[in-house]
Amino acid sequence: MLPAFAGVTVVVCGVAAGVAEAYRALGPGVLVATLALLAVVTPAAVQHHRPLARRRLGHYTPEELAELDTDGLVLAVSRMLRRDGWTVLPPPTGQDRPRVRARNGRGQRVEVAFRPVAEPLPDEEPARSARQTGTSLRLVVHRGTFTHRDVQWARRQDNTHLIDGPRLRSWARGTPLHQLTNAS
């Protein structure tokens, strides 16, 4: 943070010194031209960076979600968890399927899996109980819809919630995770 602040300070001071020197050499027209340039560039810069800043804060549009690949979806879910007050833990090493793990200040844990079906895939080990792994909440995220079989599987699991396309879009718009999981 400090190097970025120092860099911005140096740039602003440099621009101010350049404008002052140009004012001495060319007159008051430089001030008018500089203010006009700032009036045009500032809104364009803010507009350009607004979607990036919004996404960094964990807010996504449905179009942005649709364009994400799996790694992008993992990043988006991590940002949405942070937005909702969770601390995202580093990913476990040696894992071939993407997962996000997080915890909150009340000691709750969440594990998020990303796949097109909720049930364990044939090459995965059977799911351990949430009590055994210390996980308070398990989520399975999918941009589409889950089958009736997936829903039945999730109901049999201990505190497992399916986040389908409509719920994912709602979460990305800003609905807190606890509201989504209480509605299921």
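The legends below describe close-up views of a predicted model.

**View 1. Overall fold of the predicted chain, with eight helices and five strands.**
Along the sequence the elements follow the pattern α-α-α-α-β-β-β-α-β-α-β-α-α. The protein has 184 residues, 30% of which are buried. Its accessible surface is about 11900 Å², and carbon and sulfur atoms account for 60% of that surface. Among contacts with a separation of 6 or more, 48% are between residues 24 or more positions apart.

**View 2. The open five-stranded sheet, in the order E1-E2-E3-E4-E5.**
Pairing within the sheet is mixed. Strand E1 (87–88) and strand E5 are at the edges, and each has a single partner strand, so one side of each is left without a neighbour in the sheet. E1 and E2 run antiparallel and are joined by two bridges. Thr87 has Arg103 in E2 as its bridge partner.

**View 3. The hairpin formed by E2 and E3.**
These two strands pair in the antiparallel sense over five bridges. Arg99 is bridged to Ala113 in E3. Five residues lie between the two strands, and Gly107, in the turn, has a positive phi of about 85°.

**View 4. The parallel pairing of E3 with E4, and the surroundings of Phe114.**
E3 and E4 are paired in the parallel sense, with five bridges. The bridge partner of Phe114 in E4 is Val141. Leaving aside residues up to four places away in sequence, Phe114 touches Leu73, Val74, Val77, Pro98, Arg99, Val100 and Val141. Val141 is thus both a bridge partner of Phe114 and one of the residues that Phe114 touches.

**View 5. The largest nonpolar core, made up of 24 residues.**
The members that touch the most other members are Leu81, Val110, Val112, Phe114, Leu139, Leu168 and Trp171. Two or more residues are given to this core by each of helix H4 (70–83), strand E2 (99–103), strand E3 (109–114), strand E4 (137–141), helix H7 (165–173) and helix H8 (177–182). H4 supplies the largest share, six residues. A second core, separate from this one, has five residues, including Val140, Phe146, Ala154 and Leu162.

**View 6. Val110 in strand E3.**
Val110 has a relative accessibility of 2% and therefore counts as buried, the limit for that class being under 20%. Trp86 is 24 residues away from Val110 along the chain, and the C-alpha atoms of the two are separated by 8.9 Å. Val110 is also one of the residues that touch the most other members of the largest nonpolar core.

**View 7. The crossover from E4 through helix H6 (residues 148–156) to E5.**
E4 and E5 pair in the parallel sense over four bridges. Arg138 is opposite Thr160 in E5. The β-α-β crossover that links the two strands through H6 is right-handed. H6 packs on the sheet, where it touches E4 and E5, and its direction makes about 150° with that of E5. H7 also lies across E4 and E5, but runs at about 85° to E5.

**View 8. Side chains of the edge strand E5 (residues 160–163), with the loop that precedes E5.**
Thr160 and Leu162 point one way from E5, while His161 and Ile163 point the other way. All four of these residues are buried. Leu162 belongs to the second nonpolar core, as do Val140, Phe146 and Ala154. Asn159 is located in the loop between H6 and E5. Asn159 is not a glycine, yet has a positive phi of about 60°. The relative accessible area of Asn159 is 36%, so this residue is partly exposed.

**View 9. Thr34 in helix H2 (residues 29–56).**
Thr34 counts as partly exposed because its relative accessibility is 22%, and the buried class requires a value under 20%. Val19 is 15 residues from Thr34 in sequence, and the C-alpha to C-alpha distance between them is 7.7 Å.

Definitions and conventions:
Residues are numbered from 1 along each chain as its sequence is written. This is a predicted model: local features need pLDDT of at least 70, side-chain atom pairs count only at pLDDT 80 or more; totals for chains, interfaces and linings use all residues. Side-chain values use heavy atoms; hydrogens and water are left out. A nonpolar core is a set of buried Ala, Val, Leu, Ile, Met, Phe, Trp, Tyr and Cys residues joined through side-chain atoms within 4.5 Å. Buried means under 20% relative accessible area, exposed over 50%, partly exposed in between (1.4 Å probe, protein chains only). Contact means heavy atoms within 4.5 Å. Two strands pair if DSSP finds at least two bridges between them. A crossover is right-handed if, with the strands pointing away from the viewer, the path from the first strand over the helix to the second runs clockwise. Accessible areas come from the Shrake-Rupley method with a 1.4 Å probe; for residues, only the protein chains shown count as cover. Axes are lines fitted to C-alpha atoms, for helices over the stretch in contact, and angles run from 0 to 180 degrees between N-to-C directions.
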